[in-house]
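User: Hi! Could you walk me through this one with me? I'd like to chat about the helices and the side-chain pairs.

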Amino acid sequence: MDLSGSDLARNHKWINDCSFSEFELIKRKNDLKQLIELYPHLCPSMIEAAWNFTNMHTEEELQAIIKSKDFEKPSTKQMGGVFKAVTIEKNNDNNI
């Protein structure tokens, strides 16, 4: 099956969601390579997210975030839980 001329051909070009300039993209690629080598125990996508965040904010904004310590406050999300009751219904497909 030849799909070379069809609309199903994939676009493998990376999308620049953060609107970085060409210079910033080159710097980003080099920095990420070094950071991943320095911190092999960290997830590369988390390193990438941290790099994007720090480079999209000014030094003053980053210092304000650090001083506010919002990231140290306990989460308001429910973490985990316990089932109080569970109902299991028989499937009519006889696969159970």
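Analyst: Happy to! One term first: buried means under 20% relative accessible area, exposed means over 50%, and partly exposed is in between. Keep in mind that this is a predicted model.

User: Thanks. So is Lys27 buried, exposed or partly exposed?

Analyst: Lys27 has a relative accessible area of 38%, so it is partly exposed.

User: And which residue does Lys27 form a salt bridge with?

Analyst: Its partner is Asp31, and the closest N and O atoms are 2.7 Å apart. Both residues sit in helix H1, four residues apart, which is about one turn of the helix. Asp31 counts as buried, with 18% relative accessibility.

User: How many salt bridges are there by this rule?

Analyst: The count comes to three. Besides the pair in H1, Arg28 forms a salt bridge with Glu48, with the closest N and O atoms 2.3 Å apart. Arg28 lies in helix H1 and Glu48 in helix H2, so this pair ties together parts that are 20 residues apart in sequence.

User: Nice. Is Arg28 buried or exposed?

Analyst: Arg28 is buried, with a relative accessible area of 8%. Glu48 is partly exposed, at 28% relative accessibility. The two side chains also make a polar contact, at 2.3 Å.

User: Which residue does Lys73 form a salt bridge with?

Analyst: That one is Asp70, and the closest N and O atoms are 3.1 Å apart. Lys73 is exposed, with a relative accessible area of 51%, while Asp70 is partly exposed at 47%.

User: OK, switching to helices. What is the span of H2?

Analyst: Helix H2 covers residues 44-56, 13 residues in total, and reaches 18 Å from its first C-alpha to its last. That is close to the 18 Å expected at 1.5 Å a residue.

User: And which residues of H2 are buried?

Analyst: Ile47, Trp51 and Asn52 are buried in H2. Seen down the axis of H2, the buried residues fall within an arc of 135°, so they line one face of the helix.

User: What do those buried residues pack against?

Analyst: They pack against helix H1, residues 22-38. Arg28, from the salt bridge with Glu48, is found in that helix too.

User: Let's talk rings. How many aromatic pairs does the rule give?

Analyst: The count comes to one aromatic pair. Phe20 and Trp51 form it, in an edge-to-face arrangement: 5.5 Å centre to centre, with 75° between the planes. Phe20 lies in the segment before H1 and Trp51 in helix H2, so the pair ties together parts that are 31 residues apart in sequence.

User: Are those two rings' residues buried or exposed?

Analyst: Phe20 is buried, and Trp51 is buried as well.

User: Last topic, backbone angles. What is phi of Lys69 near?

Analyst: Phi of Lys69 is near 55°, a positive value in a residue other than glycine. For context, most residues other than glycine have a negative phi.

User: Where is Lys69 found?

Analyst: Lys69 is in the segment after helix H3, which spans residues 59-68. With a relative accessible area of 44%, Lys69 is partly exposed.

User: Great, that covers my list. Thanks!

Conventions. Residues are numbered from 1 along each chain as its sequence is written. This is a predicted model: local features need pLDDT of at least 70, side-chain atom pairs count only at pLDDT 80 or more; totals for chains, interfaces and linings use all residues. Side-chain values use heavy atoms; hydrogens and water are left out. Helices (H or I, at least four residues) and strands (E, at least two) are DSSP runs, numbered from the N terminus. The expected span of a helix is 1.5 Å times one less than its number of residues. Buried means under 20% relative accessible area, exposed over 50%, partly exposed in between (1.4 Å probe, protein chains only). The arc is that of the directions from the helix axis to the C-beta atoms. Contact means heavy atoms within 4.5 Å. A polar contact is a pair of N or O atoms within 3.5 Å; within protein, one must be able to donate a hydrogen and the other to accept it, and residues adjacent in sequence count only if both atoms are side-chain atoms. Rings of Phe, Tyr and Trp (its six-membered ring) pair if their centres lie within 6.5 Å; planes under 30 degrees apart count as stacked, over 60 as edge-to-face and the rest as tilted. A salt bridge is a side-chain nitrogen of Lys or Arg within 4 Å of a carboxyl oxygen of Asp or Glu.
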